[in-house]
Amino acid sequence: MPTGRLSGNITQDWEPVVLRRTKPKAADLKSTKAVNQALRSGAAVETVRKAAAGTNKHAPAAPAPARKLDETTEPAAVERVAAEVRLAIQKARVAKGWSQAELAKRISERAQVVQEYESGKAAPVQAVLAKMERALEVKLRGKGVGTPLAPSSGK
């Protein structure tokens, strides 16, 4: 009798194992071959025509209430730089003899930002306007746009 790690009675499992075929997939059942075979065997076959099948129609994008909700929560138009602010920036910059790139460098912004402010395409940001006010020494926010700033008493 062998001696080793296995001690005790060794038994075998004699229960039968049944192997079954996998169920056919839905795509296989819908094929023309499967439908014809079902018709030949006499099985009931149901055919359903889908609405808009084979046409170029699409489902509607979004229901009207969702679109109305978006329109009420989203602003219709983004506020742009006012014409008087644009002109004040241009006049003050030209009076100092600076190019747009030089002004941008002095306020630590890209030249494109200054260009957008002067053309009126930018949405006004208070921090950028404040930097331009300090560099150009001209009021750009509130009442009196374009008037010279009062000298600061902090120095």
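Helices here are DSSP runs (H or I) of at least four residues, numbered from the N terminus. The model shown in every panel is predicted.

**Figure 1. Overview of the protein chain, a predicted model with seven helices and zero strands.** Read along the sequence, the elements follow the pattern α-α-α-α-α-α-α. The protein chain has 155 residues, of which 17% count as buried. Contacts between residues at least 6 apart in sequence include a share of 47% that join residues at least 24 apart.

**Figure 2. Close-up of helix α2 and the residue that follows it, Gly-42.** Helix α2 spans residues 32–41. The helix is hardly covered, since the count of buried residues among its 10 residues is zero. Gly-42 comes after α2 and has a positive phi, near 90°.

**Figure 3. Close-up of the largest pocket, which holds about 230 Å³ of space.** Its lining is made up of Leu-29, Lys-30, Ala-34, Val-35, Ala-38, Val-45, Glu-46, Thr-47 and Val-48. Helix α2 supplies the largest share of this lining, three residues. By residue class, the lining of the largest pocket has six nonpolar, one polar and two charged residues. The helix that gives the largest share of the lining is also the helix with a buried-residue count of zero.

**Figure 4. Close-up of the crossing of helices α6 and α7.** Two packed helices are described by the angle between their axes and the distance between the axes. The axes of α6 (residues 111–119) and α7 (residues 126–136) come within 12 Å and cross at roughly 90°. Angles of 65 to 115 degrees count as roughly perpendicular, and α6 and α7 are therefore roughly perpendicular to each other. On the α6 side the contact is made by Val-113, Val-114 and Tyr-117, and on the α7 side by Val-128, Leu-129 and Met-132. The residues of this contact divide into six nonpolar, no polar and no charged.

**Figure 5. Close-up of Glu-118, a residue of helix α6.** Buried means under 20% relative accessible area; Glu-118 has 4% and is therefore buried. Leaving aside residues up to four places away in sequence, Glu-118 touches Arg-86, Ile-89, Gln-90, Arg-93 and Gln-100. One of these residues, Gln-100, lies 18 residues from Glu-118 along the chain, and the C-alpha atoms of the two are separated by 9.0 Å.

**Figure 6. Close-up of Ser-108, with a positive phi near 60°.** Most residues other than glycine have a negative phi. Ser-108 is a residue other than glycine, yet its phi is positive. Ser-108 is placed in the loop between α5 (100–106) and α6. Exposed means over 50% relative accessible area, so Ser-108, at 63% relative accessibility, counts as exposed.

**Figure 7. Close-up of Glu-137, in the segment after α7.** Glu-137 is not a glycine, but has a positive phi of about 60°. With 48% relative accessibility, Glu-137 counts as partly exposed. The Glu-118 of Figure 5, in contrast, is buried.

Notes: Residues are numbered from 1 along each chain as its sequence is written. This is a predicted model: local features need pLDDT of at least 70, side-chain atom pairs count only at pLDDT 80 or more; totals for chains, interfaces and linings use all residues. Side-chain values use heavy atoms; hydrogens and water are left out. On a 1 Å grid over the protein atoms alone, a cavity is a set of points where a 1.4 Å probe fits but cannot get out, and a pocket is an open set with protein on both sides within 12 Å along at least five of seven lines; lining residues have an atom within 4 Å of a point. Grid points are joined across faces, edges and corners, and a volume is the space filled by probe spheres set on the points. Helices (H or I, at least four residues) and strands (E, at least two) are DSSP runs, numbered from the N terminus. Ala, Val, Leu, Ile, Met, Phe, Trp, Tyr, Cys and Pro count as nonpolar, Asp, Glu, Lys and Arg as charged, and the others, Gly among them, as polar. Axes are lines fitted to C-alpha atoms, for helices over the stretch in contact, and angles run from 0 to 180 degrees between N-to-C directions. Angles under 35 degrees count as roughly parallel, over 145 as roughly antiparallel, 65 to 115 as roughly perpendicular and the rest as oblique. Contact means heavy atoms within 4.5 Å. Buried means under 20% relative accessible area, exposed over 50%, partly exposed in between (1.4 Å probe, protein chains only).
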